[in-house]
Every structure is written in structure tokens, then in C-alpha cells.
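Hi,

Here is the structure I said I would pass on. Have a look at it first, and then read my notes underneath.

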Amino acid sequence: MITDPIADFLTRVRNAVNAKHRIVEVPASNVKKAITKILFEKGYILNYKFEEEGPQGTIKIALKYHPVTKQPAIMTIERVSRPGLRQYADSENLPRVMNGLGIAIISTSRGIMTDKEARNLHIGGEVLCYVS
């Protein structure tokens, strides 16, 4: 049993990037699907596919690397809020990752979005993770 499925998702992606894998598979959930969509929209992953096999399904993520230098698009991906210590931020105090070069993924009352989108909508929420 996994106590923190979001941390497990981020760890699988981080380990796959460090091992230079092309594809990583993770168990699916609605929150993980939303985080995957944000990573794709912001250009951190190459592609993704949701597979509805079994009771839970899986997410297949194709990781993105630079064609010449082979550097990964995801340099750091880390969990901020965790079950033992939740981290919330209002719209004025949303974090900036690498002075705006990275993104923070926020869980708000209007769904999961980046820190820039939440700042534009003037809503706060739980800071799930930082990606840069």
C-alpha cells in the first residue's frame, strides 16, 4: 500500500530520468493524469498515453531529452506538500520556481494548475510539487 501516491509518481519519473529511460509507466489516478497533462503542456515530457487496463489503469509517459546533449527536460522534480505536512499558499504568496523558469503545480478549488495560472485567477491552494 502506498501512503503518498503523488510522491510515488514523482519518484518514478525522477528515477526514470536519472536512469535515462525513454518511457516510464505509473499507476493512474485523476490527480496523476492532471499532473501529466500539465507536464506535457509545459514541455517537460514528450508524450503520454492513458491505458485503461485492469481496475486502475496506467499512464505511459515518454520522457523528453535534448537531441544533441542528451540532457533531460526535467532537471528537478520534487514533492512539496506531503501527507504529514500539507503546504498551502494563497494567491499572493504562491511560490516562484527558479524565478519563473520552472513551475509549481497547485491543487486549487478549480482543479490542478500551474502557479502562473492560479496567480492569474487569484486563487490559492495546496502546493503539490516543483518542476524545473
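Below is what I found, starting with the whole chain and ending with one residue.

Keep in mind that this is a predicted model. The protein has three helices and eight strands. If you walk along the sequence, these come in the order α-β-α-β-β-β-β-β-β-α-β. The radius of gyration is 15 Å, and the globule rule gives 14 Å for 132 residues, so the protein is as compact as a globular protein of that length. Along the principal axes, the C-alpha atoms fit a box of roughly 40 × 40 × 25 Å.

Now for the inside and the outside. Of the 132 residues, 43% are buried. Among contacts with a separation of 6 or more, 60% are between residues 24 or more positions apart. The exposed area comes to about 7600 Å², with 52% of that supplied by carbon and sulfur atoms. As for charge, there are 19 positive and 13 negative side chains, and the centres of the two sets lie 5 Å apart.

The residue I'd zoom in on is Glu-126, which sits in strand S8, residues 125-131. Is Glu-126 buried or exposed? Its relative accessibility is 13%, and buried means under 20%, so Glu-126 counts as buried. Leaving aside residues up to four places away in sequence, Glu-126 touches Ser-81, Arg-86, Gln-87, Tyr-88, Ile-105, Ile-106 and Ser-107. With one of these, Ser-81, the Glu-126 side chain makes a side-chain to side-chain polar contact of 2.6 Å.

Cheers

Definitions and conventions: Residues numbered from 1 in each chain as written. Predicted model: local features only at pLDDT ≥ 70, side-chain atom pairs only at ≥ 80, totals over all residues. Heavy atoms only, no water. Helix = DSSP H or I, 4+ residues; strand = E, 2+ residues; numbered from the N terminus. Buried < 20%, exposed > 50% of the residue type's maximum accessible area, 1.4 Å probe, protein only. Polar contact = N/O pair within 3.5 Å; in protein donor to acceptor, adjacent residues only side chain to side chain. Contact = heavy atoms within 4.5 Å. Rg over C-alpha atoms; globule rule 2.2 N^0.38 Å. Areas by Shrake-Rupley, 256 points an atom, 1.4 Å probe, with all protein chains shown as cover. Lys, Arg positive; Asp, Glu negative; His and termini not counted. Charge placed at Lys NZ, Arg CZ, Asp CG, Glu CD.
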